[in-house]
Amino acid sequence: MTTDTLATTLEHRKAESSIAVPVTYAQGDGIGPEIMEGVLSILQASGAKLALEEIKIGQSVYDKGITAGIEESAWESLRRTRVFLKSPITTPQGGGFKSLNVTVRKTLGLYANVRPCVAYAPFVHTRHPKMNVVIVRENEEDLYAGIEHRQTDEVMQCLKLITRPGCERIVRYAFEYAQNNHRSKVTCMTKDNIMKLTDGLFHKVFDEIAAEYSDIENDHLIVDIGAARLADTPEHFDVIVLPNLYGDILSDIAAQIAGSVGLAPSANIGDHEAMFEAIHGSAPSIAGHNIANPSGLLLSAVMMLVHINQTDVAATVHNAWLRTLEDGLHTADMFTEGMSTHRVGTRGFARAVIERLGELPKSLKPVRYRSYSSQNTSSQPRLWERKPALKKELVGVDVFLHWREGLPESLGTQLKQCGNNSLGLLMITNRGVKVWPEGFPETFCTDHWRCRFMHPAKGTNISHRDIIDLLTRIEASGFDFIKAENLCNFDGVPGYALGQGQ
Ligand code: NAD
């Protein structure tokens, strides 16, 4: 396409609709302003219909003593536009500051972190030239709830929270994403052979929802072997959906082995708002030199265009970017002798993409995006009707103690005295290993003990009052109890791990 035809086409496209979609953007720190400038120039030239509003985040805001790194007034813009294109920020060192990303994700309920990890061989070096994986990571739950306690001298605890609505949202998002993006398989990874209740729920919900998408293949892998296979043969994977922690780790591995950490985009999607950003940081050492690669932010902007259903423009920008890669116009971080033809700066790269708007790549596969405004999961969460258990029965309690006065046998003997006809001592574990009754002398014990009390006639209900009375007797015997965790059956199914850990 000649420049004239391109210009006419773009003008025509701009004139097609005057409705610009409001988008909030932030320039961030370090290389943030220069890559944002490059990206915005490409978006403007592409005919994307955007009404841009700027907010301030990062260093300048932290410097004012605002520990969240975002001004109160910025939330109004984010809530109104519901779309956030964000440059990286420099995270302040030292205590007292909050992670801006975590704050934005949690405040706006951005539950899905979507990270395409694509190889662009031979233009970007990778050992996995066929890799094209999308990691869909749950973004709000799991060990990231930030509920941590020091319970004893020796033991810290972090609560892992997995909820059914959280699993349903992320798993459904992954299948909807697969369906809307011509993907054929969704793989789930958990560690449910060990964490049977938490990861077990994620896996169970995955199986339930997978059954609704008969045209999409699905499978489940234990996350350790899954991660190993991803690192070895990523071309066997398509979409991968994971709980938060595993997703955090695997998405970095996937971006790294695709060879494109500097190019990798991400989207954080919620029911109401969405945030789009490159996965790299603010690279302060190269800031202001016009050498940073704007590609990660540009591909994030492409994801944003798809999200706001400007799919044709998204494809135009993405294909122009692929063509730029192929033509060998590379920023310093991508530059390879023999493969690259011109070393370009941030602005030069942006100009090169603009010059190629309307062109398709020749050897890399051109992208096309399906318009999916009518089925967008992010605006239409199809959560299932909540079905509370018909019968929830309280059948026991795990009492956690801080104790270091002797051997497990002695603790068992003393605690048995605290039991009565409603609640008798069933077992004691230390770090999940049973130490009473019939513990092994070799077992290493800390000062943290989980003591399980249940009704002597197994399965018989107890009352909250029974637990309070038990705790009163334990306290009267001089024990330091840290917490009590109720043991309940839900419609006859135990809602607690049965025995010792594995
Ligand atoms: P970084 O990603 O900024 O830099 C790592 C390396 O990659 C550096 O050598 C850098 O020069 C290079 N690099 C990164 N992006 C590049 C680009 N677009 N073009 C060319 N080279 C690029 O990681 P870091 O050095 O660990 O972190 C720097 C700062 O960024 C820290 O304050 C960190 O907390 C912050 N950070 C912010 C975000 C975010 O805002 N989402 C994410 C990660 C790190």
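How many helices and strands are there in the protein? There are 14 helices and 20 strands, where both are DSSP runs numbered from the N terminus: helices are H or I over at least four residues, strands are E over at least two. This is a predicted model, so local features need a pLDDT of at least 70 and side-chain atom pairs count only at pLDDT 80 or more, while totals for chains, interfaces and linings use all residues. Residues are numbered from 1 along each chain as its sequence is written, and side-chain values use heavy atoms, with hydrogens and water left out.

**The overall picture**

The C-alpha trace spans about 90 × 50 × 45 Å along its principal axes. Of the 502 residues, 52% count as buried; buried means under 20% relative accessible area, exposed means over 50%, and partly exposed is in between (1.4 Å probe, protein chains only). Now take contacts, meaning heavy atoms within 4.5 Å. Among the contacts with a separation of 6 or more, 77% come from residues 24 or more positions apart.

**The ten-stranded sheet**

Ten strands make an open sheet, and if you walk across it you meet β2-β1-β3-β12-β11-β4-β5-β10-β8-β9, with mixed pairing. Two strands pair if DSSP finds at least two bridges between them. At the edges stand β2 (50–54) and β9 (217–222), each with a single partner strand, so one side of each has no neighbour in the sheet. From one strand to the next, the twist averages 20 degrees.

For a parallel pair, look at β8 (residues 185–190) and β10 (residues 239–242), which share three bridges. One residue pair to find there is Val186 and its bridge partner in β10, Val239.

Helices lie across this sheet too. Helix α2 (residues 32–46) crosses β1 (21–26), β2 and β3 (83–86), at about 130 degrees to β3. Helix α8 (residues 223–232) lies across β5 (132–138), β8, β9 and β10, at about 110 degrees to β9. For these angles, axes are lines fitted to C-alpha atoms (for helices, over the stretch in contact), and the angles run from 0 to 180 degrees between N-to-C directions.

**A closer look at β4**

In a regular strand the side chains alternate between the two faces of the sheet. Are the faces of β4 covered or uncovered? Both are covered: Ala112, Val114, Pro116 and Val118 are buried on one side, and Asn113, Arg115 and Cys117 are buried on the other.

Strand β4 runs antiparallel to β5, joined by seven bridges, and Val118 has Asn132 as its bridge partner in β5. Three bridges join β4 to β11 (residues 265–269), also antiparallel; here Ala112 is partnered with Ile269.

Asn113 sits in β4 (residues 112–118) and is buried, at 4% relative accessible area. Its side chain makes a polar contact of 3.1 Å with the side chain of Asn268. A polar contact is a pair of N or O atoms within 3.5 Å; within protein, one must be able to donate a hydrogen and the other to accept it, and residues adjacent in sequence count only if both atoms are side-chain atoms.

**Around the ligand**

There are 17 residues around the ligand, and the nearest are Ile89, Thr91, Gly281, Ala283 and Asn293. Being near here means having a heavy atom within 4 Å. The table gives some distances to an oxygen atom of the ligand.

| Residue | Atom on the protein side | Distance |
|---|---|---|
| Lys86 | side-chain N or O | 3.2 Å |
| Thr91 | side-chain N or O | 2.7 Å |
| Gly281 | backbone N or O | 2.7 Å |

**The six-stranded sheet**

A six-stranded open sheet has the order β17-β16-β18-β15-β19-β20 and antiparallel pairing. Its edge strands, β17 (433–436) and β20 (493–494), each pair on one side only. Within the sheet, β16 (residues 424–430) and β18 (residues 448–454) are joined by five bridges, and Thr429 is partnered with Arg450. Helix α14 (residues 464–476) packs on the sheet, touching β15 (392–402), β18 and β19 (480–490), and makes about 15 degrees with β15.

**The cysteines**

The structure has zero disulfides, a disulfide being a pair of cysteine sulfur atoms within 2.5 Å. For Cys117, the nearest cysteine sulfur is that of Cys188, 17 Å away. Why is Cys451 not bonded to Cys418? Their sulfurs are 9.5 Å apart, which is too far for a bond. Cys451 is buried, at 0% relative accessibility.
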